[in-house]
Amino acid sequence: MRADEREEAFQLAEATNGECAKIVADAAKITDGREQQKAFLESQAGIFIAKLKNKLDYLAIIVTMSPLLGLLGTIVGMIGAFSIFNLESGAPIAITGGIGEALIATATGLCVAILSLCAHSYFAHRMDNMITDMEQCFSALLEAETRSGK
């Protein structure tokens, strides 16, 4: 686009997979002027960004919920461990088993949270890069259209 090879750029967009290329190829077909293209690009970009963020929200929920579930497991395990006192006096093995169960629940919840947080961070970074690349493509398209006088 910057080298004023618009037709080659549009053909490349048609042949390339991906949402950004599809949007650029569809925008190239709009002949009603720059403002129509700009409106089309903004609406399509908004829809695509919403789809990306929607999927990322599920991962954010997992990151938030897993430590809470681990804590719930800890509480249930501790209740089980200390309810032994009502049944048998002086059963330290039963108490330590319940505490061990509680700690396993906590560790599991934290492991899930840590792994999910890593995945969430990775995908959030990729999404930000995709949005930046898309905005650069759209800017180049609109700039080329302005230079060509359409």
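**Exercise 1. Ser 116 and its surroundings**

In which helix is the place of Ser 116? Determine its burial and its contacts.

*Solution.* The model is predicted: local features need pLDDT of at least 70 and side-chain atom pairs count only at pLDDT 80 or more, while totals for chains, interfaces and linings use all residues. Residues are numbered from 1 along each chain as its sequence is written, and side-chain values use heavy atoms, with hydrogens and water left out.

Step 1. Ser 116 lies in helix H5 (residues 92-148). Helices (H or I, at least four residues) and strands (E, at least two) are DSSP runs, numbered from the N terminus.

Step 2. The relative accessible area of Ser 116 is 10%, so the residue is buried. The classes are buried under 20% relative accessible area, exposed over 50%, and partly exposed in between (1.4 Å probe, protein chains only).

Step 3. Neighbours within four places in sequence being left aside, Ser 116 is in contact with Leu 59, Ile 62 and Val 63. Contact means heavy atoms within 4.5 Å. The C-alpha atoms of Ser 116 and Leu 59 are separated by 6.6 Å, although these residues are 57 apart along the chain.

**Exercise 2. The packing of H2 with H3**

Establish how H2 and H3 are oriented and which residues join them.

*Solution.* Step 1. The axes of H2 (residues 19-28) and H3 (residues 34-82) come within 10 Å and cross at roughly 160 degrees. Axes are lines fitted to C-alpha atoms, for helices over the stretch in contact, with angles from 0 to 180 degrees between N-to-C directions.

Step 2. H2 and H3 are therefore roughly antiparallel. Angles under 35 degrees count as roughly parallel, over 145 as roughly antiparallel, 65 to 115 as roughly perpendicular and the rest as oblique.

Step 3. The crossing of H2 and H3 is right-handed. A crossing is right-handed if the near helix is turned clockwise from the far one by less than a right angle, and left-handed if anticlockwise.

Step 4. H2 contributes Glu 19, Ile 23, Asp 26, Ala 27 and Ala 28 to the contact, and H3 contributes Gln 37, Phe 40, Leu 41, Gln 44, Ala 45 and Phe 48. By class, the contact of H2 with H3 has seven nonpolar, two polar and two charged residues. Here Ala, Val, Leu, Ile, Met, Phe, Trp, Tyr, Cys and Pro count as nonpolar, Asp, Glu, Lys and Arg as charged, and the others, Gly among them, as polar.

**Exercise 3. The packing of H1 with H2**

Repeat the analysis for H1 and H2.

*Solution.* Step 1. The axes of H1 (residues 6-15) and H2 come within 8 Å, crossing at roughly 130 degrees. H1 and H2 are therefore oblique to each other.

Step 2. The crossing of H1 and H2 is left-handed. Phe 10, Ala 13 and Glu 14 of H1 meet Ala 21, Val 24, Ala 25 and Ala 28 of H2 in this contact. The contact of H1 with H2 has six nonpolar residues, no polar residues and one charged residue.

**Exercise 4. The overall fold**

Describe the secondary structure and burial of the protein.

*Solution.* Step 1. The protein has five helices and zero strands, in the pattern α-α-α-α-α along the sequence.

Step 2. Of the 150 residues in the protein, 28% are buried.
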